[in-house]
Amino acid sequence: MSLITTCEKDNIFYIQLHNRIDSSNAPVVEEEILGAMKTCTAPTVVLDADDLEYISSAGLRVILRLRKVRSELKIINVSSAVYEIFEMTGFTEMIPVSKGYRKLSIEGCEVIGQGANGKVYRLDQDTIVKVYYKADALPDIHRERELARKAFILGIPTAIPYDVARVGNSYGSVFELLNAKSFSRLIAENPQELDKYVVLFVDLLKKIHSTLVNPDDMPDQRAVVIGWVEFLKDYLDSAKWEKLHKLVTAVPVNHHMIHGDYHTKNVMVQNGEVLLIDMDTLAQGDPVFEFASIFNAYVGFYDFDHDRSMDFQGLPYETTVSIWKKMLPLYFGTTDEAKLKAVEDKAAVLGYTRLMRRLIRRNGFDTEEGRKTIEHYKNQIETRLDFIDTLQL
Amino acid sequence: MEISKKKEESKLTVGLSGRLDTLTAPQLEAVIQNDLDGVTELVFDLKDLVYVSSAGLRVFLMAQKTMNKKGSMELCNVCDDIKEVFTITGFADIFTIK
């Protein structure tokens with residue numbers, strides 16, 4: 001049986017090392033690798049040590065000789081134990097050696113949550129791991145962790161993203177375990193305390209919106225929303241569309257943080273401390289964009305089916321609408337009905353813009369119900385465009 | 001968690017031992033809020049600290065913000081595990097760690 005396996009991907013020739021390389025098999029391994037290299041036409045050769053458990057000095061000498069044949073040679077996916085051998089012998093200074101992800105077993109771990117992208121397991125008393133369903137989730141994982149990290153050092157209270165680990169054939173993101181309950185759950189359990197929770201909910205929102213971010217660090221929500229509007233060009237009355245486009249492009253560029261998916265399932269309380277989770281939608285932009293997504297989460301999504309608020313928020317529709325109505329005076333510091341109505345209309349016109357685009361992209365025109373819903377969103381947008389002259393809140 | 005305080009003129013050394021987590025972070029927060037009058041040099045001795053949670057990191061962040069206005073702050077005797085937490089969270093770039 002061959003001691004190595006090989007594969008080629010994106011112009012890189014990978015040689016996978018297995019089990020142990022020591023004096024008993026080093027000469028055979030060397031011979032096999034040299035043989036494989038002869039057949040390889042790719043410009044780069046990489047040794048993949050994912051399955052390597054041990055390497056002795058005889059094995060290290062093989063690598064040194066290979067390096068003379070292919071000077072670009074590097075070693076990837078090295079386990080912590082093998083990395084230590086490379087480090088102790090000074091190899092890490094001669095050849096690029098990169099560690100692989102830690103391997104984690106979730107056997108026997110309690111499942112504490114389940115979302116659209118993955119399952120969350122409790123690892124120990126301090127950590128959880130979010131294991132993604134799709135195998136190629138790595139870029140998404142790193143993106144979310146980087147956003148969370150940036151928010152955290154800017155003072156936004158959230159869980160610590162520890163490391164990324166391999167869990168079976170997929171990847172998991174290890175986070176600090178929060179002994180926390182979501183606002184949705186707290187409100188469902190203590191409806192009489194709703195006002196108190198909405199105050200805390202709005203306080204954290206204001207803190208987020210007062211946090212300045214480095215413009216390169218987070219996506220620009222204004223550009224995203226302009227994209228939504230452009231998508232709708234052929235679906236709205238052309239004069240109305242022109243107006244919507246003008247309104248959105250007139251929203252000033254704003255480098256303050258917005259969460260992008262701010263709702264009561266993503267805000268938790270732990271020992272009286274309010275914490276934010278799900279950081280993958282963090283962006284920068286004017287608060288009007290945030291209110292558009294909040295409007296959807298509490299009102300817009302449920303226009304046709306009020307029961308869906310239970311699925312999304314774990315709360316009855318009357319409660320979600322009430323949260324929305326109670327938030328606005330607190331955030332804007334006014335009880336003036338006309339002013340609050342104006343805020344709602346601005347949030348709604350952008351909220352429905354998003355919903356309309358979303359449904360069209362999901363083949364909404366294919367069904368009678370879909371066509372009816374798209375028409376409803378269109379009406380909601382177009383009637384509001386008659387009287388909205390700015391999206392400034 | 002246990003907190004010890006040693007004041008030498010304008011230098012305050014705060015020793016922490018045990019776990020700085022969501023349950024104990026408020027104790028340290030109280031120190032930051034009450035004991036920094038006249039302090040220009042704040043030192044955290046983390047020799048006996050075994051764990052720090054996000055709540056603990058936020059208290060350090062708060063202390064750093066306070067000290068930025070009036071002097072310096074450093075974290076010393078940080079064990080490898082906790083140093084790792086400072087590194088992965090990006091806090092290592094903000095704090096002076098010795």
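Here are some notes on helix packing, the chain A–chain B contact and a few loop residues in this predicted model.

1. Start with helix 8 of chain A, residues 221-231. Its buried residues are Q221(A), R222(A), V225(A) and V229(A). These four span an arc of only 100° around the axis, so they sit on the same side of helix 8 of chain A. If you want the general reason for such a pattern, an α-helix has 3.6 residues a turn, so residues three or four places apart point the same way.

2. Now turn helix 8 of chain A round. On the other side you'll find A223(A), G227(A) and E230(A), which are exposed. As for what lies over the buried residues of helix 8 of chain A, the cover includes helix 9 (238-249), strand 13 (257-258), strand 16 (283-284), helix 10 (287-298) and helix 13 of chain A.

3. Helix 13 of chain A, residues 337-361, deserves a look of its own. The axes of helix 8 and helix 13 of chain A come within 9 Å and cross at roughly 60°. That angle makes helix 8 of chain A oblique to helix 13 of chain A. The crossing is left-handed. From helix 8 of chain A the contact takes V225(A), W228(A), V229(A) and F231(A), and from helix 13 of chain A it takes L350(A), T353(A), R354(A) and R357(A). Sorted by class, this contact has 5 nonpolar, 1 polar and 2 charged residues. Note that V225(A) and V229(A), listed among the buried residues of helix 8 of chain A, turn up in this contact too.

4. Helix 13 of chain A also packs on helix 14 of chain A, residues 368-385, at an angle of about 150° and with the axes 9 Å apart. The two helices are therefore roughly antiparallel to each other. Here, too, helix 13 of chain A makes a left-handed crossing as it passes helix 14 of chain A.

5. Who takes part in that pairing? On the helix 13 side of chain A, the contact is made by D345(A), A348(A), V349(A), Y352(A), T353(A), L355(A), M356(A), L359(A) and I360(A). Helix 14 of chain A brings G370(A), T373(A), I374(A), Y377(A), K378(A), Q380(A), I381(A), R384(A) and L385(A). The class split is 11 nonpolar, 4 polar and 3 charged. T353(A) is worth marking on your view: it belongs to the contact with helix 14 of chain A and also to the one with helix 8 of chain A.

6. Helix 10 of chain A, named above as part of the cover over helix 8 of chain A, has a partner in helix 12 of chain A, residues 317-332. The axes of helix 10 and helix 12 of chain A come within 8 Å and cross at roughly 155°. That makes helix 10 of chain A roughly antiparallel to helix 12 of chain A. I294(A), F295(A) and Y298(A) of helix 10 of chain A meet T320(A), V321(A), I323(A) and W324(A) of helix 12 of chain A. By class there are 6 nonpolar residues, 1 polar residue and no charged residues in this contact.

7. On to the two chains together. 15 residues of chain A are in contact with 15 residues of chain B. On the chain A side, helix 5 (138-153) and strand 10 (161-167) each supply at least two residues. Helix 5 of chain A gives the largest share of that side, 3 residues. The side of chain A that touches chain B divides into 6 nonpolar, 4 polar and 5 charged residues.

8. Two backbone angles are worth checking. Most residues other than glycine have a negative phi. N11(A), in the loop between strand 1 (4-9) and strand 2 (12-21) of chain A, has a positive phi near 70°. E9(B) has a positive phi near 50°, and lies in the loop between strand 1 (2-8) and strand 2 (11-20) of chain B. N11(A) counts as exposed, because it has 9 C-beta neighbours inside 10 Å. E9(B) is also exposed, with 9 C-beta neighbours inside 10 Å.

9. Last, K98(B), found in the segment after helix 3 (80-89) of chain B. With 10 C-beta neighbours inside 10 Å, K98(B) counts as exposed. Leaving aside neighbours within four places in sequence, K98(B) is in contact with E74(B) and C76(B). The C-alpha atoms of K98(B) and K83(B) are separated by 9.7 Å, with the two residues 15 apart along the chain.

Technical notes
Residues numbered from 1 in each chain as written. Chains lettered and ligands numbered in written order. Predicted model: local features only at pLDDT ≥ 70, side-chain atom pairs only at ≥ 80, totals over all residues. Axes fitted to C-alpha atoms, helices over the stretch in contact; angles between N-to-C directions. Parallel < 35°, antiparallel > 145°, perpendicular 65-115°, else oblique. Left-handed = near helix turned anticlockwise from the far one by under 90°. Contact = placed C-beta atoms within 7 Å. Nonpolar A, V, L, I, M, F, W, Y, C, P; charged D, E, K, R; others polar. Buried ≥ 20, exposed ≤ 12 C-beta atoms within 10 Å, placed from the backbone. Arc of directions from axis to C-beta.
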